[in-house]
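This report describes how one protein chain is put together, moving from its overall make-up to individual residues. Please keep the sequence and the structure in view while reading.

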Amino acid sequence: MLSPFLAYFLSLVFLCRIARSQYSSDQCSWRGSGLTHEGHTRDVEQVYLRCAQGFLEWLYPTGAIIVNLRPNTLSPAASLLSVCIKPSAESSGTHIYLDRLGKLRLLLHEEDQAEGRVHCFSIQDGALFIEAVPQKDISRKITAFQYELVNHRPGADPQSLSAPCQPCTDTEVLLAVCTSDFVARGNILGVAEEEDQTSVTVSLSRLYRQKTQVFVSGGGRVKRWTGFVKMPSQCGVKPGDGEFLFTGTVRFGEAWLSCAPRYKDFLRVYQDALQRGTNPCHLDTD
């Protein structure tokens, strides 16, 4: 059952006049305080974030805020994006809903936020409606999360960080080489099953690109890199011989696998594309 406070907002959310914002924002991140709402606990403040990633931090939450997450450029492809949020372990004091045309759907209960798990949804599902839970003492309450806009591979679940388990097509492999956050050549050292995902330990002989330092160099005369890549548990990956081309995305500091063909199969596809002049970008395969 909706609280009286929440029901009130449902009837007014598109009619209310937005109070002047008193916060710190750089269009990517926002930091605000519920103390500016004291005496105006029914105010709804609009927050606009227009970056691929950032964070939100709401201290001493009272009333509610609506967080509009959008890319910084308009494109027809923007409607295909997903939004992923990762609450901090200390996040509390609010419930988080998806607000689509005034209809609310619960995304995260206050108690769920402390788990720090990533939650994703389609950008078309609406804005985030963050409602403060009434408290006698708000001095120790802070709602905080990181967010990222995710461009999923076709067929992927918009509510997941991971790519689908089926092998990539030749075209998808070639595009992944050009657009992925990391591209590397190496071997699988081990596989560890976690709660709802698999962590694959890899050893890399060649690191073509990485957006952030998710793979680290081991030093020594022969340069190699090691690290972990994540994938869904249902993919059933197993340790095996041979070299692979690893591609994927970096989400909240973790590498998530996208396309990972055997390296010899990638070479065949890449060399065929070179001969036809259809390769979308160059990769040094020597």
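Which kind of link do the side chains of Glu-243 and Arg-185 form? They meet in a salt bridge, with N and O 2.9 Å apart. This and every other value below comes from a predicted model.

## Overall make-up

The chain has 286 residues, and 44% of them count as buried. It contains 4 helices and 17 strands. Among contacts in the chain with a separation of 6 or more, 66% join residues that are 24 or more positions apart.

## Two nonpolar cores

The largest nonpolar core holds 25 residues. Within this core, the residues that touch the most other members are Leu-56, Val-67, Ile-85, Leu-107, Leu-128, Ile-130 and Phe-145. At least two residues of the core are supplied by each of the strands β3 (44-49), β4 (53-59), β5 (64-69), β6 (82-87), β7 (94-100), β8 (103-108), β10 (127-132) and β11 (142-150). A second core, separate from this one, has 17 residues, including Phe-182, Val-202, Phe-246 and Leu-257.

Ile-85 offers a detailed view of the largest core. Leaving aside residues up to four places away in sequence, Ile-85 touches Leu-107, Leu-108, Arg-117, Val-118, His-119, Leu-128, Phe-145, Gln-146, Tyr-147 and Phe-252.

## The two sides of helix α3

Helix α3 spans residues 170-179, and its buried residues are Val-173, Leu-174, Ala-176 and Val-177. These residues lie on the same side of α3, because they cover an arc of only 155° around the axis. Thr-171 and Thr-179, on the other side of α3, are exposed. The partners against which the buried residues of α3 pack are β12 (182-193), β13 (197-210), β16 (244-251) and α4 (263-276).

Leu-174, in helix α3, has a relative accessible area of 10% and is therefore buried. Apart from residues up to four places away in sequence, Leu-174 touches Val-269, Tyr-270, Ala-273 and Pro-280. Leu-174 and Cys-281 are 107 residues apart in sequence, while their C-alpha atoms are 8.0 Å apart in space.

## Salt bridges between distant parts of the chain

Side chains of opposite charge can pair when their charged atoms come close. The chain has 7 salt bridges. One of them joins Glu-148 and Arg-251, whose closest N and O atoms are 3.5 Å apart. Because Glu-148 lies in strand β11 and Arg-251 in strand β16, the pair ties together parts that are 103 residues apart in sequence. Glu-148 counts as buried at 7% relative accessibility, and Arg-251 is buried with a relative accessible area of 9%.

The pair of Glu-243 and Arg-185 meets in a salt bridge as well. It links distant parts of the chain: Glu-243 is in the loop between β15 (225-232) and β16, Arg-185 is in strand β12, and the two are 58 residues apart. Glu-243 has 25% relative accessibility, so it counts as partly exposed. A further salt bridge joins the side chains of Arg-206 and Asp-284, at 3.2 Å from N to O. Arg-206 lies in strand β13 and Asp-284 in the segment after α4, so this pair ties together parts that are 78 residues apart in sequence. Arg-206 counts as partly exposed at 26% relative accessibility, and Asp-284 is partly exposed with a relative accessible area of 34%.

## A buried charge without a salt bridge

Asp-181 is found in the loop between α3 and β12. Where is the nearest side chain of opposite charge to Asp-181? That side chain belongs to Lys-211 and is 4.2 Å away; Asp-181 is buried yet has no salt bridge. The cut-off for a salt bridge is within 4 Å, so a distance of 4.2 Å does not meet it.

A polar atom of the Asp-181 side chain lies 2.8 Å from the backbone nitrogen of Val-250. Not counting residues up to four places away in sequence, Asp-181 touches Arg-209, Gln-210, Lys-211, Gly-248, Thr-249, Val-250 and Arg-251.

## Two residues with positive phi

Leu-101 has a positive phi, near 55°, although Leu-101 is a residue other than glycine. It is found in the loop between β7 and β8 and counts as exposed at 72% relative accessibility.

Phe-252 is not a glycine either, and its phi is positive at about 50°. Phe-252 is in the loop between β16 and β17 (254-257), and it counts as buried at 11% relative accessibility. Phe-252 is also one of the residues that Ile-85 touches.

Terms used: Residues are numbered from 1 along each chain as its sequence is written. This is a predicted model: local features need pLDDT of at least 70, side-chain atom pairs count only at pLDDT 80 or more; totals for chains, interfaces and linings use all residues. Side-chain values use heavy atoms; hydrogens and water are left out. A nonpolar core is a set of buried Ala, Val, Leu, Ile, Met, Phe, Trp, Tyr and Cys residues joined through side-chain atoms within 4.5 Å. Buried means under 20% relative accessible area, exposed over 50%, partly exposed in between (1.4 Å probe, protein chains only). Contact means heavy atoms within 4.5 Å. The arc is that of the directions from the helix axis to the C-beta atoms. Lys and Arg count as positive and Asp and Glu as negative; His and the chain ends are not counted. A polar contact is a pair of N or O atoms within 3.5 Å; within protein, one must be able to donate a hydrogen and the other to accept it, and residues adjacent in sequence count only if both atoms are side-chain atoms.
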